[in-house]
Amino acid sequence: MVDERQKKILGIIMAVILLISMYFVAKEGAAYVNSGQVKGERNENKKEKFCVVIDAGHGGGNLRKAIKGKP
């Protein structure tokens, strides 16, 4: 059976591994964007495309309260 100290150490190790992997992924992404392979083109003859982002919100609360504006 794993005691609380071992669980805490394992959690810290996993968090460090996650942060290190995130660093390397972000570094590779930045290198790819700066390499010139990614092009941002804007042609006046073409229709612009829109990106719609749906935010799920923070959760909880009463939806009718938010819609009607009642406290």
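Here are some short exercises, with worked solutions, on the predicted model shown above.

**Exercise 1. Find how many helices and strands the protein chain has, then check the span of H1**.

Solution. Start with the count: the protein chain holds two helices and zero strands. Next, take H1, which covers residues 4–34. With 31 residues, H1 reaches 45 Å from its first C-alpha to its last. The expected span takes 1.5 Å times one less than the number of residues, and for H1 the result is close to the expected 45 Å. Finally, look past the end of H1: glycine 36 follows, with a positive phi near 95°.

**Exercise 2. Classify isoleucine 20 and phenylalanine 24 as buried, partly exposed or exposed**.

Solution. Recall the cut-offs: buried is under 20% relative accessible area and exposed is over 50%, with partly exposed in between. Isoleucine 20, a residue of helix H1, has 44% relative accessibility and is therefore partly exposed. Phenylalanine 24 stands at 45%, so this residue also counts as partly exposed. Now step back to the whole protein chain: buried residues make up 0% of its 71 residues. The chain exposes about 7700 Å², and carbon and sulfur atoms supply 61% of that area.

**Exercise 3. Describe the nonpolar surface patch and the aromatic pair**.

Solution. Begin with the patch: Ile12, Val16, Ile20, Tyr23 and Phe24 together make about 500 Å² of nonpolar surface. Then turn to the rings, where the structure holds one aromatic pair. Tyrosine 23 and phenylalanine 24 form this pair, with 5.2 Å centre to centre and 70° between the planes. Angles over 60 degrees count as edge-to-face, so the pair is edge-to-face.

Note on methods: Residues are numbered from 1 along each chain as its sequence is written. This is a predicted model: local features need pLDDT of at least 70, side-chain atom pairs count only at pLDDT 80 or more; totals for chains, interfaces and linings use all residues. Side-chain values use heavy atoms; hydrogens and water are left out. Patches are made of residues with over 30% relative accessible area and no salt bridge: like charges are joined within 9 Å, nonpolar side chains (Val, Leu, Ile, Met, Phe, Trp, Tyr) within 5 Å. Accessible areas come from the Shrake-Rupley method with a 1.4 Å probe; for residues, only the protein chains shown count as cover. A salt bridge is a side-chain nitrogen of Lys or Arg within 4 Å of a carboxyl oxygen of Asp or Glu. Helices (H or I, at least four residues) and strands (E, at least two) are DSSP runs, numbered from the N terminus. Buried means under 20% relative accessible area, exposed over 50%, partly exposed in between (1.4 Å probe, protein chains only). Rings of Phe, Tyr and Trp (its six-membered ring) pair if their centres lie within 6.5 Å; planes under 30 degrees apart count as stacked, over 60 as edge-to-face and the rest as tilted.
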